[in-house]
Amino acid sequence: VPDQTGHSGDITVEVMGAGNRILLDGGVDDESYAQIGHGGTNNGGNEGHTGSIVATTEDGDIRLDGGPGGGFQSPAIIGHGGTNADGSHSGSVTVEAGSGAAATQGAVILNGSGSTDSFNQIGHGGSGAEGDMGLAADDILVTAFGDITLSSGGGGSYALIGMGGQNSTGNHSVNDITVDAGGNVSLNGGSAFAMIGLGGQN
């Protein structure tokens with residue numbers, strides 16, 4: 001039975017050392033998602049999740065790979081919510097790759113796959129999530145020493161920096177979305193969308 005309780009609390013993931021990374025890989029089996037945040041697939045009951053999320057590396061990449069092994073609905077998420085995770089989720093989200101003073105590398109990569117509904121997202125929401133995502137005081141900050149790349153994949157496997165998601169409903173809010181790269185910022189749409197902002201397809 002899915003957990004239908006609202007959860008709260010701040011989350012910090014900090015990786016130190018040269019070349020060390022944060023990797024979120026969706027799995028081979030269906031609904032084998034990878035997430036930093038409260039919620040999860042089918043977690044709802046209209047109970048919202050709250051709390052700030054910080055994920056940083058000193059000198060390495062942050063990479064989200066939804067469903068690289070072929071699993072259906074196996075997304076990679078830094079944010080509250082998930083596939084069909086209803087409720088109003090809130091809190092600022094900070095993702096910084098290569099944030100150390102002596103950093104020499106650090107990219108942020110959202111890499112789509114051919115798996116259905118195995119999306120990649122930085123922000124609250126998810127595919128089919130119902131509710132108001134974010135508050136007017138919330139910020140999304142994504143920075144990288146190098147490139148920031150969003151690439152969508154197969155059906156429903158979108159790449160998003162923002163609140164919402166494909167087939168999500170609700171009124172989404174944010175103070176600022178800031179994307180700051182030392183290299184290139186690239187959005188590559190495939191069979192699904194690649195987006196920086198609020199909302200999503202349908």
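Accessible area here is computed by the Shrake-Rupley method with a 1.4 Å probe. On that basis the chain of this predicted model exposes about 7700 Å², and carbon and sulfur atoms supply 42% of that area.

**Whole chain.** Start with the full chain in view, as a C-alpha trace. Along its principal axes the trace spans about 45 × 35 × 25 Å. Colour by secondary structure next: the chain has 15 strands and 0 helices. Its radius of gyration is 15 Å, close to the 17 Å given by the globule rule for 202 residues, so the chain is as compact as a globular protein of that length.

**Interior and contacts.** Now colour by accessibility. Of the 202 residues in the chain, 51% are buried. Then display contacts between residues at least 6 apart in sequence: 83% of these join residues at least 24 apart.

**The open sheet.** Select strands 2, 5, 8, 11 and 14, which form an open sheet of 5 strands in the order 2-5-8-11-14, with parallel pairing. Strands of a sheet pair through backbone hydrogen bonds. Go to the two edges of this sheet: strand 2 (22-25) and strand 14 (185-188) each pair on one side only. Looking across the sheet, the twist averages 5° from one strand to the next.

**Strands 11 and 14.** Keep strand 14 selected and add residues 148-151, which make up strand 11. How many bridges join strand 11 and strand 14? The two strands pair in the parallel sense over 4 bridges. End the tour at Ser 151, which stands opposite Asn 188 in strand 14.

Methods
Residues are numbered from 1 along each chain as its sequence is written. This is a predicted model: local features need pLDDT of at least 70, side-chain atom pairs count only at pLDDT 80 or more; totals for chains, interfaces and linings use all residues. Side-chain values use heavy atoms; hydrogens and water are left out. The radius of gyration is taken over C-alpha atoms; the globule rule is 2.2 Å times the number of residues to the power 0.38. Buried means under 20% relative accessible area, exposed over 50%, partly exposed in between (1.4 Å probe, protein chains only). Contact means heavy atoms within 4.5 Å. Two strands pair if DSSP finds at least two bridges between them. Axes are lines fitted to C-alpha atoms, for helices over the stretch in contact, and angles run from 0 to 180 degrees between N-to-C directions.
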